[in-house]
Amino acid sequence: NTCIFCAAAYANATQGPHTDEHIIAYSLGGVDVLPRATCAKHQEITRKLDEQIACDMLGVYRSVNQLPSRSGSSLKPFYKIAVTNIASGLTYLQRVPVSEVPCLYISPHLLTPGILVGAPAETLRVGHVLHSVKDESLSVFMRKLPPGAQATVTSGGVRLEDFARMLAKVAHTYLTAEIGHENFTPILLNVIDGLSTNPYHLVGG
């Protein structure tokens, strides 16, 4: 076997044994796995990428909706939310049960990949991120705040580049599962590795 990302031989002296690779990250509900598909180097790359998306970007959403976690580290029973007293201007952190945290939805919108619209490879076609909150959960939460206070619910780090890298990884691993990585010419490897200066040329919505 060879690594599906770099063709490193299975269990060679420098890489060590290959590991299983989820097509969609387990932390995002993925269940389909390619066995012994990833070398140690790329296991670390994809692990960090999945962690950035699942914990930093979607941590609140995953905790509120109790999505799976291998370690449980991102599924917190409580969240600390910044609350500001408008009259005094003082801000403090309030410990809130995760069941009462307003559910913040993050929707990254990527443009059509540049390669599909004939754009030069160096032309950045960056999309945008939409944020929304369930009206009901927000109303319930706001009613529990002290009079004259307002709260700030943050979404964590949202990087469109990392979201594009995740989509590239899903596409590459899915096609590998369908036809085998030796039966197509991969074009997304630099995007997955974080080496592309313009991932939006090949990845989009």
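**Notebook: helices, a hairpin and a surface patch**

I began with helix α5, where I found Leu160, Asp162, Phe163, Ala164, Arg165, Met166, Ala168, Lys169, His172, Thr173 and Thr176 to be buried. I note at the outset that this is a predicted model. Helix α5 runs over residues 160-179, and I read its reach from the first C-alpha to the last as 29 Å, close to the 28 Å expected for its 20 residues at 1.5 Å a residue. Just after α5 I came to Gly180, which has a positive phi near 90 degrees.

I turned next to the strands, and saw that β3 (residues 78-85) pairs with β4 (residues 91-97) in the antiparallel sense, with seven bridges between the two. As one example of this pairing I looked up Ala82, and its bridge partner in β4 is Leu93. The two strands form a hairpin in which five residues lie between β3 and β4, and in the turn I noted Gly89 with a positive phi of about 80 degrees.

I then looked at Tyr61, which sits in helix α2 (residues 59-65). Is Tyr61 buried or partly exposed? I count Tyr61 as partly exposed because its relative accessibility is 27%, and buried would require under 20%. Although Tyr61 and Val101 are 40 residues apart along the chain, their C-alpha atoms are separated by 9.4 Å.

My last entry concerns Ile115, which belongs to helix α3 (residues 114-117) and is partly exposed, its relative accessible area being 47%. Together with Leu116 and Val117, Ile115 forms a nonpolar patch on the surface, and the three share about 300 Å² of accessible area.

How values were computed: Residues numbered from 1 in each chain as written. Predicted model: local features only at pLDDT ≥ 70, side-chain atom pairs only at ≥ 80, totals over all residues. Heavy atoms only, no water. Patch = residues over 30% accessible without salt bridge, like charges linked within 9 Å, V, L, I, M, F, W, Y side chains within 5 Å. Areas by Shrake-Rupley, 256 points an atom, 1.4 Å probe, with all protein chains shown as cover. Salt bridge = Lys/Arg side-chain N within 4 Å of Asp/Glu carboxyl O. Helix = DSSP H or I, 4+ residues; strand = E, 2+ residues; numbered from the N terminus. Buried < 20%, exposed > 50% of the residue type's maximum accessible area, 1.4 Å probe, protein only. Pairing = 2+ DSSP bridges. Expected span 1.5 Å × (residues − 1).
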